[in-house]
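The following report looks at how selected helices and strands are arranged in one protein model. The sequence and structure come first.

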Amino acid sequence: MAEAHSAVAFSFSISHEGVHVNYDTEVLHVIWHSGIRYWRRGIQRIVNSVRCGIFPATLSSLALTIGGYNAMYLTRDMHSVNYDITFGLVDLLKQHIKLEEPARGVVCCTVSGFAVWFGVFIFMKYSLRCLFVYKGWMYESRGKGRTMSITSRLWFSAVKFLTGFSRPMLYSYQGSLPRLPLPVLKDTMTRYLRSVRPLMDDEAYVRMEKLADDFQNGIGKKLQRYLVLKSWWATNYVTDWWEEFVYLRGRSPLMVNSNFYGTDAILLHPTNKQAARAANVCHAAFLFRRLIERQQLQPIMVQNAVPLCSYQYERTFNTCRIPGIETDKIVHFGDSTHIAVYHAGRYFKMPCYYKGKLLTPKELQIQFERILNDESEPEKGEAFLGALTAGERKPWAEARSKYFNKGINRSSLEVIERSAFVLVLEEESHDYCEDDPDQLDKFGHAMLHGKGYDRWYDKSFNVIVMKNGRIGFNAEHSWADAPVMGHLWEFIMAEDLFEYGYDEEGNCTGKVNCDPPSPTRLKWDLSHDCLTAIDISYKVAEALLNDVDLRLYMHTAYGKGLMKNCRLSPDAFLQMSLQLAYYRDAGKFNLTYEASMTRLFRDGRTETVRPCTIESSAWVKSMEDKQATDEERVALLRKACAQHQKGYQDAMCGKGIDRHLFCLYVISKYLEVDNPFLSEVLSEPWRLSTSQTPHGQTGRMDLTKNPKCISAGGGFGPVADDGYGVSYIIAGEDTVFFHISSKKSSPVTDSRRFARQIEKALDDMKNLFRSVKK
């Protein structure tokens with residue numbers, strides 16, 4: 001075993017002949033390289049932290065400033081010139097620094113040069129922060145025939161000027177991003193009441209107005225004052241509470257309820273060799289990690305000028321959610337050179353570095369093939385071990401502390417939790433078939449929940465490689481939101497398809513430079529009580545996954561192209577189609593959730609957009625009103641889309657409703673104050689929960705040049721027991737994918753039926769514009 005081999009890597013003995021030293025050169029060589037890698041990473045992090053801390057200034061500008069001051073000052077003395085570039089600062093410093101010339105002059109010039117540089121740096125940094133506070137550009141129309149306002153042009157020019165001196169690193173903008181603004185309580189209440197008006201009759205609305213007014217003029221003022229203090233003190237008044245109370249304190253299973261998934265580029269199938277695809281994906285993932293560690297990954301920029309907060313990238317790799325009795329915690333480990341691999345009910349530790357270097361795809365393929373060729377049987381209970389992470393959180397926390405706190409169980413668990421990520425080598429095959437849509441549904445099920453025991457749902461993400469080479473992922477939600485995982489996935493797909501490729505036999509290309517270290521089986525000692533705990537968790541997971549009704553609908557009649565020709569926002573267009581589909585499906589309107597980001601602010605995560613508005617409901621009713629003309633319907637649709645777009649812009653700019661009310665509710669609980677308004681608002685079910693999967697974050701997945709690279713995106717489970725979870729991705733000019741989830745146990749939902757309603761709504765909207773155009 002590797003552990004035994006390491007134990008005798010260095011030993012000595014004493015005899016009458018003297019001291020005999022035995023050592024293993026190869027192991028010591030590995031230890032040496034490990035230490036070198038650790039120190040190199042540490043030094044690099046220090047340098048990167050300094051470079052990010054002084055952005056938008058640069059270290060070279062500091063050197064030039066100090067060098068220039070010294071050169072000009074010494075030149076002045078040599079040529080007896082009377083001007084003083086330091087305006088007397090050097091002469092003042094000379095009175096306090098007791099050194100011989102010319103050392104005293106050099107030191108004084110260096111100090112004065114640094115002072116001037118530091119002053120300019122502070123001015124630039126805080127000027128940039130003030131500029132990023134401006135959000136007027138968000139509300140201006142874009143597209144053909146539209147121009148920026150003079151204010152936005154001047155703002156854009158100033159931002160470009162301040163950031164044009166150096167190339168930003170991943171975290172360069174973090175110190176310049178503004179804090180998330182706290183909305184005025186009155187404004188939030190006004191927006192809330194407007195959002196629920198189409199959901200209530202007159203009597204219910206009057207009652208809600210009374211509750212809101214009592215809250216706003218009563219306890220709400222006190223709660224708002226506490227929240228103001230937090231917004232002054234914390235960089236983001238929402239994020240820490242959102243992670244703790246929405247994610248980490250949740251005691252229900254992560255599988256289906258919280259974790260989300262992503263899929264392959266379904267029109268491309270580069271190889272059928274499982275080990276080869278796993279190797280390319282694994283290598284690309286480690287390259288992405290290297291870019292994060294070295295901060296060489298470019299921050300995402302909106303309008304090529306405004307950065308998004310990058311803090312979520314820190315926990316992409318080497319991260320695991322650790323269960324607790326009352327609350328979980330996110331643990332990020334400093335480094336990891338291995339991954340955990342699950343195959344045929346067994347767990348393996350697979351080293352991905354050798355002598356300090358990342359193994360090539362060809363070398364990684366050899367390791368995956370060794371795992372696939374391993375015919376050893378799983379230990380008792382090992383195959384179902386992952387069910388602990390799929391069940392309720394409290395039983396998992398209790399089992400972890402009882403059965404995994406010492407011995408080989410603890411060692412093996414640490415290998416999984418400390419791994420860079422988990423990779424699952426599936427024993428089944430799933431694929432896309434145009435003539436059989438059910439195949440795509442099965443693929444989605446495999447990514448969302450698998451068998452309920454063959455994923456480690458606590459890890460930041462699991463890469464799943466099917467037997468036929470198809471890939472996907474399952475990601476834990478508390479550490480980051482979907483766009484970050486989507487960025488990683490796009491990078492992996494681009495590297496796999498465009499950089500690495502495969503030979504004619506489907507194997508990885510490249511060279512084998514060494515005999516890679518073999519993967520090692522993880523050992524377990526699972527007692528009878530532990531096996532019982534695993535079985536209980538598996539039954540919970542099995543019941544949950546068997547209740548999932550998932551439909552992946554590929555809409556190919558039209559896509560982004562037609563929506564733009566209608567001069568409407570594609571996202572608003574699709575949200576209106578979902579409103580129409582839901583109204584036809586349920587016969588009424590319901591509270592609708594759409595996720596938007598607040599990453600324009602420091603440590604921002606998400607905010608809720610409420611697509612069910614007064615305007616959207618008026619348009620939906622007109623579509624069902626036979627007396628309405630198509631011209632009237634189009635006019636109402638434009639108003640609905642405009643209102644939706646404004647709601648999305650407000651959410652991104654910190655003027656949302658739900659995060660503000662959520663934080664007020666948290667404070668009320670700390671103060672042990674029960675308020676009927678907050679209790680009712682926070683208990684309202686989101687029966688239609690939606691999200692758009694971002695695409696094109698890397699700039700490398702150009703669908704115009706590579707139309708077959710379209711991804712089906714990803715999805716999530718239903719939020720409400722009697723509702724739908726809908727994720728969609730605009731995959732090109734003519735394609736949109738919808739991932740529709742619901743529960744089979746609900747008598748009012750049916751994912752296939754809802755997919756048909758979406759198809760009909762989109763068709764009706766297309767015909768609507770065609771009719772008006774004629």
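In which handedness of crossing does α20 pass α25? In this predicted model, α20 passes α25 in a right-handed crossing. The contact draws on residues of α20 including Phe573, Leu574 and Tyr582, and on residues of α25 including Phe754, Ile758 and Phe769; the residues of this contact divide into 13 nonpolar, two polar and five charged. Helix α20 (residues 570-586) and helix α25 (residues 751-773) pack with their axes 8 Å apart and at an angle of about 125°, and they are therefore oblique to each other.

An open sheet of six strands, with mixed pairing, follows the order β16-β22-β21-β19-β17-β18. β16 and β18 stand at its edges, each with a single partner strand, so one side of each is left without a neighbour in the sheet. From one strand to the next, the twist averages 20°. Eight bridges join β16 to β22, and these two strands run antiparallel; within this pair, Met554 has Phe737 of β22 as its bridge partner.

Two helices are placed against β16 as follows.

| Helix | Strands touched | Angle to β16 |
|---|---|---|
| α16 (residues 438-448) | β16 and β22 | about 125° |
| α25 | β16, β19, β21 and β22 | about 25° |

Elsewhere, His487 is found in helix α17 (residues 482-500). His487 has a relative accessible area of 3%, which is under 20%, and therefore counts as buried. Leaving aside residues up to four places away in sequence, His487 touches Phe288, Leu297, Ile300, Tyr313, Gln697 and Thr698.

Methods: Residues numbered from 1 in each chain as written. Predicted model: local features only at pLDDT ≥ 70, side-chain atom pairs only at ≥ 80, totals over all residues. Heavy atoms only, no water. Helix = DSSP H or I, 4+ residues; strand = E, 2+ residues; numbered from the N terminus. Buried < 20%, exposed > 50% of the residue type's maximum accessible area, 1.4 Å probe, protein only. Contact = heavy atoms within 4.5 Å. Axes fitted to C-alpha atoms, helices over the stretch in contact; angles between N-to-C directions. Parallel < 35°, antiparallel > 145°, perpendicular 65-115°, else oblique. Left-handed = near helix turned anticlockwise from the far one by under 90°. Nonpolar A, V, L, I, M, F, W, Y, C, P; charged D, E, K, R; others polar. Pairing = 2+ DSSP bridges.
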